[in-house]
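Please take a moment with the sequence and the model shown here before reading on. The paragraphs after it are meant to be read with the structure in view.

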Amino acid sequence: MSGARTVRLDREIKNFETKSPWGIKCMPEKEDIYDVLIVHMQGPKGSPYEKGTFKLSITIPKRYPFEPPLVKFETPVYHPNIDKEGRICMDMLKMPPKGAWLPTITLETLLVSLQTLLANPNPHDPLMMDIASEYKFDIERFKQNAKEYTEKYASGVQV
């Protein structure tokens, strides 16, 4: 099983090197060891996060792709679905029946979906109730706060 895991991860990482999706870089924390991956993700264009570059870590479980990876924002993010520890509430990161993880989901698909979640929060399934409430009832204030947070914490090097 771990042989298949390594082959798949090797292929997925090489795809990032050759044809990376817009604004996403993904590489092993330690060369050729796929237990922890580091991601640098640009905020989506047209969102309060667009001027930011966010660092994420991905811990790959032994049973990958039959279990979802553990993805965490290392850069603080002002978002209803991302908490202060960087944990993310997204169906694709959870096992069925509560989640939507499938072994066919690639790291690229997962990270592009995460980038989309940044631009399109789901206030109906929040980790941060206060931010979700602000998003629902005062969207302009939410956008301003998210933009200021991004400038403060994520205005590093562009990907």
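What follows is a walk through parts of this predicted model, beginning with the sheet and ending with a single proline.

A good place to start is the open sheet, which is formed by four strands in the order E1-E2-E3-E4 with antiparallel pairing. Its edges are strand E1, residues 24–30, and strand E4, residues 70–73, each of which pairs on one side only. If direction is ignored, neighbouring strands of this sheet are turned against each other by 25 degrees on average. Between E1 and strand E2, which covers residues 33–42, the antiparallel pairing runs over six bridges, and Val39 in E2 is the bridge partner of Cys26.

Helix H2, made up of residues 107–119, packs on this sheet and touches E1, E2, strand E3 (53–59) and E4, while its direction makes about 35 degrees with that of E2. The length of the helix can be checked with simple arithmetic: the 13 residues of H2, at 1.5 Å a residue, should span 18 Å, and the end C-alpha atoms lie 19 Å apart, which agrees. Which residues of H2 are buried? They are Leu107, Leu110, Leu111, Leu114, Gln115, Leu117 and Leu118, where buried means a relative accessible area under 20%. When H2 is seen down its axis, these buried residues fall within an arc of 155 degrees, and they therefore line one face of the helix.

Further along the chain, helix H3 (residues 129–137) and helix H4 (residues 139–153) have axes that come within 5 Å and cross at roughly 130 degrees. Because an angle over 145 degrees would count as roughly antiparallel and one from 65 to 115 as roughly perpendicular, this crossing makes H3 oblique to H4. The residues that meet between the two helices are Ile131, Glu134, Tyr135 and Phe137 in H3, and Ile139, Arg141, Phe142 and Asn145 in H4.

The last stop is Pro103, which is found in the loop between E4 and H2. Is Pro103 buried, exposed or partly exposed? With a relative accessible area of 31%, Pro103 is partly exposed, because that class holds the values between the limits of 20% and 50%. The residues that Pro103 touches, leaving aside those up to four places away in sequence, are Arg8, Pro65 and Phe66. Pro103 and Pro65 are 38 residues apart along the chain, and yet their C-alpha atoms are separated by 4.8 Å.

Terms used
Residues numbered from 1 in each chain as written. Predicted model: local features only at pLDDT ≥ 70, side-chain atom pairs only at ≥ 80, totals over all residues. Heavy atoms only, no water. Pairing = 2+ DSSP bridges. Axes fitted to C-alpha atoms, helices over the stretch in contact; angles between N-to-C directions. Contact = heavy atoms within 4.5 Å. Expected span 1.5 Å × (residues − 1). Buried < 20%, exposed > 50% of the residue type's maximum accessible area, 1.4 Å probe, protein only. Arc of directions from axis to C-beta. Parallel < 35°, antiparallel > 145°, perpendicular 65-115°, else oblique.
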